[in-house]
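Dear colleague,

Please find below the structure that I promised to hand over, followed by my notes on what was found in it.

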Amino acid sequence: MTDYGEEQRNELEALESIYPDSFTVLSENPPSFTITVTSEAGENDETVQTTLKFTYSEKYPDEAPLYEIFSQENLEDNDVSDILKLLALQAEENLGMVMIFTLVTAVQEKLNEIVDQIKTRREEEKKQKEREAEEAEKQLFHGTPVTIENFLNWKAKFDAELLEIKKKRMKEEEQAGKNKLSGKQLFETDHNLDTSDIQFLEDAGNNVEVDESLFQEMDDLELEDDEDDPDYNPADPESDSAD
């Protein structure tokens with residue numbers, strides 16, 4: 001008959017010796033503990049980490065232990081899901097044998113893979129950004145190749161914009177024509193225009209100065225009366241110069 005308690009105690013002692021800095025007992029009945037697993041350092045000394053919680057079932061190792069992700073750092077949700085699937089698979093394959101070390105080792109390897117995947121993903125993202133930058137530079141210097149399709153699209157857009165400008169200009173001109181008043185409308189609208197001249201004279205009053213030198217007495221003007229000329233003939237245009 002298997003002494004499950006003895007096997008469990010022996011494994012706990014071994015685990016405490018193997019993981020002195022990351023092994024923590026949570027309870028003795030039922031035996032429950034945690035082991036923190038950290039990946040190897042990545043490209044920028046980054047790591048991923050998870051703390052696994054195990055609880056022995058009554059008939060462990062003939063039954064699988066209970067396990068869960070107690071805590072984690074830098075892991076995506078899909079990474080956590082993959083780790084739980086890995087633990088289930090390993091537990092099923094190792095039934096009948098103490099298996100905590102095997103389970104922890106499998107998780108350790110998985111974390112190292114995740115770090116490598118992060119490195120690969122970042123390299124791909126970097127290459128993608130470089131490709132996008134190169135493509136943008138090509139577009140900047142070479143422009144977009146003209147095809148029948150994109151030319152027709154551009155022309156349709158250009159014609160639509162030009163038509164819109166013409167409509168706007170016609171509307172503005174029409175509106176300006178409506179707003180422009182004729183002379184009659186202006187006179188009827190501004191009642192000051194019919195009194196402006198009178199007002200000007202009233203405002204001037206006696207201040208209007210007249211230069212009398214510009215005028216002469218009528219008697220001083222030498223006016224010739226063609227009718228007093230005896231040689232004047234209205235029918236003969238040359239009669240005034242017949243001398």
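In which helix is the place of Val115? Val115 lies in helix H3, where helices (H or I, at least four residues) and strands (E, at least two) are DSSP runs numbered from the N terminus. Val115 is buried, its relative accessible area being 7%, and its C-alpha atom is separated by 7.8 Å from that of Ala41, although the two residues are 74 apart along the chain. Here buried means under 20% relative accessible area, exposed over 50%, and partly exposed in between (1.4 Å probe, protein chains only).

Before the rest, a word on the source: this is a predicted model, in which local features need pLDDT of at least 70 and side-chain atom pairs count only at pLDDT 80 or more, while totals for chains, interfaces and linings use all residues. Residues are numbered from 1 along each chain as its sequence is written, and side-chain values use heavy atoms, with hydrogens and water left out. The mean pLDDT (the predictor's confidence in each residue, from 0 to 100) is 81 for the protein, and 70% of its residues reach 70 or more. Among the elements, strand S3 (residues 49-55) has the highest mean pLDDT, 97, and helix H6 (residues 196-204) the lowest, 56.

A search of the whole structure finds four salt bridges, a salt bridge being a side-chain nitrogen of Lys or Arg within 4 Å of a carboxyl oxygen of Asp or Glu. One of them joins the side chains of Glu46 and Arg122 (2.9 Å, N to O), and this pair links distant parts of the chain, since Glu46 is in the loop between strand S2 (31-38) and S3, whereas Arg122 is in helix H3, 76 residues apart. Glu46 is partly exposed at 22% relative accessible area, as is Arg122 at 38%.

Two further bridges lie within single helices. Glu6 and Arg9 meet at 3.0 Å, N to O, and, because they are three residues apart in helix H1 (residues 4-18), about one helical turn separates them. Lys155 forms a salt bridge with Asp159, with the closest N and O atoms 2.9 Å apart; these residues are four apart in helix H4, so about one helical turn separates them.

Turning to the surface, Glu130, Glu134, Glu135 and Glu137 gather in a patch of negative charge, and Glu137 is placed in helix H3 (residues 100-142), partly exposed at 47%. A nonpolar surface patch of about 750 Å² is made by Val146, Ile148, Phe151, Leu152, Trp154, Phe158 and Leu162, of which Trp154 lies in helix H4 (residues 148-179). Patches are made of residues with over 30% relative accessible area and no salt bridge, like charges being joined within 9 Å and nonpolar side chains (Val, Leu, Ile, Met, Phe, Trp, Tyr) within 5 Å.

Finally, some backbone features deserve a mention. Most residues other than glycine have a negative phi, and most peptide bonds are trans. A cis peptide bond joins Asn29 and Pro30, with omega about 0°, and Pro30 is in the loop between strand S1 (23-28) and S2. The peptide bond from Tyr60 to Pro61 is also cis, with omega near 20°, and Pro61 is found in the loop between S3 and strand S4 (66-73). Asn74, in the loop between S4 and helix H2 (77-93), has a positive phi near 65° and is exposed, with a relative accessible area of 54%.

With best regards

Terms used:
Areas by Shrake-Rupley, 256 points an atom, 1.4 Å probe, with all protein chains shown as cover. Lys, Arg positive; Asp, Glu negative; His and termini not counted. Charge placed at Lys NZ, Arg CZ, Asp CG, Glu CD.
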